[in-house]
Structure formats: C-alpha cells, structure tokens
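Let's take a friendly walk through this structure together. Please have the model open as you read.

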Amino acid sequence: MTRDQWWVVTDLDGTLMDHSYCWEAAASAISSLQNKGIPIIPCTSKTAEEVRLFRKQAGLTDPFIVENGGAIHGQSEDGEEWSVSLGPSHRQLRPELDALSAALGEPLLALEDLSASQGKALLGLEGDALLCAQRRQWSVPFVPVPLSVRSQLRALAEQRGLALVEGNRMSHLLGKTVSKGAALQQLRLRLNSPDAKVLGLGDSPNDLPLLEAADIAVVVPGPSGPHPAFKDHLASGRYQLAPLSHASGWAEAVKQLF
Ligand SMILES: [Mg+2]
C-alpha cells in the first residue's frame with residue numbers, strides 16, 4: 001500500500017451485506033475499486049474465519065479488522081497472514097459475561113451457546129457458517145437485553161473495565177479500549193500509512209468509532225431507514241446517508257466518491 005491513498009473501510013453485516021448476507025449488488029463496485037487499486041478493508045463483528053471466507057468469495061486480499069476491533073489481520077508479501085490482537089481474549093471475557101448476568105439478575109445468552117435452531121432464528125446461520133461465527137477469539141457477542149436494562153448493563157460493564165457495543169443483531173462484550181476506530185488506527189500504524197484517507201461505511205452503533213475515525217463517513221440504511229443512533233450526525237451533515245439500503249447503497253456511495 002502506498003501512502004496518502006484512499007481506503008474503503010467497511011462493516012459487513014447490515015452494511016455491505018443485507019440480512020440474508022447477500023452483497024452481490026456491490027460486486028461491480030468492488031471490482032471497480034480493485035481496478036483503481038483502492039483497498040477494501042472489512043471492519044466487522046465477524047470472526048477471522050468468517051472474514052476469510054468472505055474475502056475468498058469477493059476476491060479480496062486486503063487487510064481486515066475482526067470482532068469489533070479485537071484484532072487486525074493482513075497478508076505479507078509472501079502471502080502469509082499476520083494478525084495482531086488488541087484486547088482481552090475470549091477466554092478472559094467469557095466469565096465476565098456470566099458475572100454481568102449475575103449482577104444484572106437477567107440471563108445473558110452468548111452467541112456461542114445458541115442451539116442450531118436459535119442460531120438459525122436469530123442470525124440466519126446454519127451448519128459450518130454458524131460454527132464459524134460461534135468460535136470467538138476476542139469478543140463475546142450475546143442476545144441483546146431489553147432496552148429498559150441496557151444502560152444498567154452498560155454501567156456494570158464499565159465498572160468491570162469492559163465495553164458493550166450494539167451491532168445490528170447482537171450486543172458485544174469487549175475490552176474497554178477495543179473498538180473499530182481504535183483498530184483502524186492500529187492498522188494505519190502497522191501499514192505505515194498514517195495519512196491514508198478513509199471512506200468508512202456502517203449501519204449500527206458499533207460502527208460509530210469507525211465512522212468517527214473516517215474522513216468521509218457513510219451510514220448505510222436498512223429497508224426501513226438508518227439506525228436512529230445516527231440521527232444527529234446525519235442532520236449535521238457530518239455523516240452522509242447512502243441513497244439505497246445495504247449492498248446497493250454501498251455501491252452507490254462508493255461510486256459517488258470514486
Ligand atoms: Mg453492521
């Protein structure tokens with residue numbers, strides 16, 4: 001990668017992909033970026049296993065950010081994959097979820113504990129795809145609690161030196177300093193590209209740190225509009241709204257800029 005170039009740093013679920021994990025409407029925009037030498041850097045809640053599969057399908061070889069910023073990955077010139085972890089491991093985090101559940105007095109159901117039928121109903125994933133999503137290394141996703149207790153849970157997590165973020169289907173328990181934005185900063189340093197310009201694209205509150213770190217921030221809406229967490233940023237013009245939902249909106253936003 002050269003200095004001072006543009007990077008497209010994108011969330012996957014709910015942003016580039018719709019709720020059936022389809023992204024084909026963005027295939028020609030992805031090819032066009034590749035022809036221009038602009039890297040497409042997934043920045044996602046997904047595990048490295050899941051992102052490797054997507055990169056293979058999309059023909060990408062660019063770096064990637066997994067588990068909401070829990071680790072950055074890339075490929076050296078000889079094709080070997082490297083990775084750097086940026087926070088506590090799943091092994092350290094998992095007992096914290098159980099402690100939070102006890103403190104809150106509410107059950108917290110971790111993604112890794114979903115049965116096959118729960119995984120299909122809640123995530124639309126089956127078989128190996130569900131198993132790939134369940135093998136976490138740097139985060140503990142769990143089924144969101146009702147809004148009435150969410151701020152209490154967040155406060156309890158903060159007391160324990162942890163962070164909670166909301167994705168489009170799951171809540172995620174992370175180390176306190178872990179975020180998509182912090183991971184992007186680490187990737188800039190690692191690739192010796194402190195001045196790379198970033199087009200950031202996201203759909204959910206867990207994307208806020210990525211969008212804040214981006215030079216141009218685009219919110220990709222779902223069919224019923226953008227997430228309400230972005231209302232003020234969109235009204236002020238700090239963030240732009242993609243004109244269509246999911247992959248179609250992603251493709252339009254990318255085409256308008258490049
Ligand atoms: Mg998302």
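A good place to begin is a contact between two helices in this predicted model. Leu 100, Ala 103 and Leu 104 of helix 3 meet a set of residues from helix 6, namely Val 149, Gln 152, Leu 153, Leu 156 and Ala 157. Sorted by class, this contact of helix 3 with helix 6 holds 7 nonpolar residues, 1 polar residue and no charged ones.

How do the two helices lie with respect to each other? Two packed helices are described by the angle between their axes and by the distance between those axes. Here, helix 3 (residues 90–104) and helix 6 (residues 147–159) pack at an angle of about 125 degrees, and their axes are 10 Å apart. Since angles from 65 to 115 degrees count as roughly perpendicular and those over 145 as roughly antiparallel, helix 3 and helix 6 are therefore oblique to each other. The crossing in which helix 3 passes helix 6 is right-handed.

Now let's turn to the sheet. Strands of a sheet pair through backbone hydrogen bonds, either parallel or antiparallel. In this open sheet, 3 strands are arranged in the order 3-4-5, with antiparallel pairing. Strand 3 (64–66) and strand 5 (81–85) are the edge strands, each pairing on one side only. From one strand to the next, the twist averages 25 degrees.

Look next at strand 3 and strand 4 (residues 71–75), which pair in the antiparallel sense over 3 bridges. Val 66 has Ala 71 in strand 4 as its bridge partner. Helix 2 (residues 48–58) packs on the sheet, where it touches strand 3 and strand 4. The direction of helix 2 makes about 145 degrees with that of strand 3.

Definitions and conventions. Residues numbered from 1 in each chain as written. Predicted model: local features only at pLDDT ≥ 70, side-chain atom pairs only at ≥ 80, totals over all residues. Axes fitted to C-alpha atoms, helices over the stretch in contact; angles between N-to-C directions. Helix = DSSP H or I, 4+ residues; strand = E, 2+ residues; numbered from the N terminus. Parallel < 35°, antiparallel > 145°, perpendicular 65-115°, else oblique. Left-handed = near helix turned anticlockwise from the far one by under 90°. Contact = placed C-beta atoms within 7 Å. Nonpolar A, V, L, I, M, F, W, Y, C, P; charged D, E, K, R; others polar. Pairing = 2+ DSSP bridges.
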